Amino acid sequence: MYYAVIGEMLFSEKPDNQEKIREDLMRTLEYINTYYKEDIASDLVPTEEGKFCGFFYTGRHVLEILDIIQFRFRKIPVRFGVGIGEMLTLFRLPGEMLRDRLMNMQRKHSTDYRMRMTIKYQGYL
């Protein structure tokens, strides 16, 4: 069983301090990747401006990690998606395609930043 975590900062407009936010996001993700390294299957990484994703072996600390990110960026709304499922195939897609598909699933099903949706990883994903 794997847990996929995706996140997106919801800016109403492009922030003036975008570079500082990007650096803060990088430092926060690096901290999480180091502190929770035993639970991480694939590091949390930024994918594009204000978005990030990663994979975990267990869900033991997933909500705790989301709370860390939410607290660190408490002045910026952050939308999260958590997918839970088995890996039925190897990921052979470029990272951007996988990220886009996960983000589209999140947008389609999102009503709450703590929502959980089950994602079955199949050959067409």
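Reader: What makes a residue a contact of Leu-44, and which ones are there beyond its neighbours within four places in sequence?
Author: Contact means heavy atoms within 4.5 Å. Leaving aside neighbours within four places in sequence, Val-5, Leu-29, Ile-32, Asn-33, Phe-52, Cys-53, Gly-54, Phe-56 and Ile-65 are in contact with Leu-44, so each of them has a heavy atom within 4.5 Å of one of Leu-44. This is a predicted model, in which local features need pLDDT of at least 70 and side-chain atom pairs count only at pLDDT 80 or more, while totals for chains, interfaces and linings use all residues. Residues are numbered from 1 along each chain as its sequence is written, and side-chain values use heavy atoms, leaving out hydrogens and water.

Reader: Why is Met-9 called buried or exposed?
Author: Buried means under 20% relative accessible area, exposed over 50%, and partly exposed in between, with a 1.4 Å probe and protein chains only. Met-9 has 4%, so it is buried. Met-9 sits in strand β1, and its contacts beyond four places in sequence include Ile-21, Leu-25, Phe-73 and Val-78. Gly-50 is another of these contacts; its C-alpha is 5.1 Å from that of Met-9, although the two are 41 residues apart in sequence.

Reader: What about Gly-54 and Tyr-57: which class does each belong to?
Author: Gly-54, in strand β3, has a relative accessible area of 2% and is therefore buried. Tyr-57, in the loop between β3 and α2, has 44%, so it counts as partly exposed. Gly-54 touches Tyr-3, Ala-4, Val-5, Ser-42, Asp-43 and Leu-44, leaving aside neighbours within four places. For Tyr-57, the contacts beyond four places include Met-1, Glu-38 and Ala-41.

Reader: What makes the 22 residues a nonpolar core?
Author: A nonpolar core is a set of buried Ala, Val, Leu, Ile, Met, Phe, Trp, Tyr and Cys residues joined through side-chain atoms within 4.5 Å. The largest one here has 22 residues, of which Leu-44, Phe-52, Phe-56, Ile-69 and Phe-73 touch the most other members. At least two core residues come from each of β1 (2-9), α1, β2 (40-48), β3 (51-56), α2 (62-72) and β4 (78-85). In soluble globular proteins, nonpolar side chains tend to be buried together.

Reader: What makes something a helix or a strand, and how many of each are there?
Author: They are DSSP runs numbered from the N terminus: helices are H or I with at least four residues, strands E with at least two. The protein has three helices and five strands, in the order β-α-β-β-α-β-α-β.

Reader: How do you know which parts of the model deserve caution, and where does pLDDT stay under 50?
Author: pLDDT is the predictor's confidence in each residue, from 0 to 100. Its mean over the protein is 78, and 70% of residues reach 70 or more. Among the elements, α2 has the highest mean, 94, and strand β5 (residues 116-118) the lowest, 39. Residues 111-125 stay under 50. Where pLDDT is low, the predicted coordinates should not be read in detail.

Reader: How many lining residues of the largest pocket fall into each class, and what makes a residue charged?
Author: Asp, Glu, Lys and Arg count as charged; Ala, Val, Leu, Ile, Met, Phe, Trp, Tyr, Cys and Pro as nonpolar; the others, Gly among them, as polar. The lining has five charged, three nonpolar and one polar residue.
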